[in-house]
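Biologist: Please take a close look at one part of this model, the nonpolar core and what lies around it. Keep the account plain, and go step by step.

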Amino acid sequence: MSNEKFFHVGELSAEQPATTQYEKSKFAKARHPEPYRFEVNLSAEAGDMQKKTGVVSVNIPGFSPVKLYCDEQPPVGNDTAPPPLAFFSAGIGFCLMTHLTDILTARKIQVDSLKLEQRIVFRTNLGHMRDHGYMTDGGCDVVETHVIIDSPEPEEKIKDLLDEAENGCMAHYALRNPIPWSTRLVYNGKEAISRSGE
């Protein structure tokens, strides 16, 4: 048997996310010039220590629901799966790459090599300041993205490719723009907190 560490990241799910607090929307095709609107739904459950499982699904036909596993490092977790911020960070980078590859294919832009490197700096007092009586607090200081392209195309064409991809990338939009948000706490079946903002 191999001594290599095995991370259980996820698998296809036979079930859709089970939501009880809101109605999932059905996908509706848009008519020109209206944009497509779709949603990603997640239902997640806490397990032992920091283990979490979640079923996530995109409501566009053809996307299968996926069961994902999540954990944290010792001593709070068991390091059996990626932590939440790894999924979050990878999602940002992969979303931009999806738009880059989609646009270069549609525009017939020749690209010999496409790579992305990304650094995101997070901050938290979890694990040290809380021991001194502080409330848990966290934040994000910077998202730094490096898109590395080798191509025989003119430089302006590649610059336009990145501009269009960044403008089309929904994950980057969410990072760069204030968006409406809301959080509700349902405690023993009763709403205890409801807050929102932009």
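**The core and its surroundings**

Modeller: Setting aside neighbours within four places in sequence, Ile109 has contacts with Leu104, Glu153, Lys157, Ile158 and Leu161. The model is predicted. Ile109 also belongs to the largest nonpolar core, which has twelve residues: Cys95, Leu96, Leu100, Ile103, Leu104, Ile109, Leu114, Ile158, Leu161, Ala165, Cys169 and Ala171. Two elements, α1 (84-106) and α2 (155-168), each give two or more residues to this core. The most come from α1, which gives five. In soluble globular proteins, nonpolar side chains tend to be buried together.

Two of the core residues are cysteines, Cys95 and Cys169. Their sulfurs are 3.5 Å apart, and a disulfide needs a pair within 2.5 Å, so this pair is too far apart for a bond. The count of disulfides is zero. Cys70 is in none either, as its nearest cysteine sulfur, that of Cys140, is 17 Å away. Cys70 is nevertheless buried, with a relative accessible area of 12%.

Next comes the loop between α1 and β5 (113-124), where Lys108 lies. Lys108 is not a glycine, yet its phi is positive, at about 55°. Most residues other than glycine have a negative phi. Lys108 is exposed, with a relative accessible area of 70%, whereas Ile109, the next residue in sequence, is part of the buried core.

The loop between β4 (66-70) and α1 holds Pro75, and the peptide bond from Pro74 to Pro75 is cis, with omega near 10°. Asp79 is in the loop between β4 and α1 too. Asp79 has a positive phi of about 55° without being a glycine, and is partly exposed, at 24% relative accessible area.

Methods:
Residues are numbered from 1 along each chain as its sequence is written. This is a predicted model: local features need pLDDT of at least 70, side-chain atom pairs count only at pLDDT 80 or more; totals for chains, interfaces and linings use all residues. Side-chain values use heavy atoms; hydrogens and water are left out. A nonpolar core is a set of buried Ala, Val, Leu, Ile, Met, Phe, Trp, Tyr and Cys residues joined through side-chain atoms within 4.5 Å. Buried means under 20% relative accessible area, exposed over 50%, partly exposed in between (1.4 Å probe, protein chains only). Helices (H or I, at least four residues) and strands (E, at least two) are DSSP runs, numbered from the N terminus. Contact means heavy atoms within 4.5 Å.
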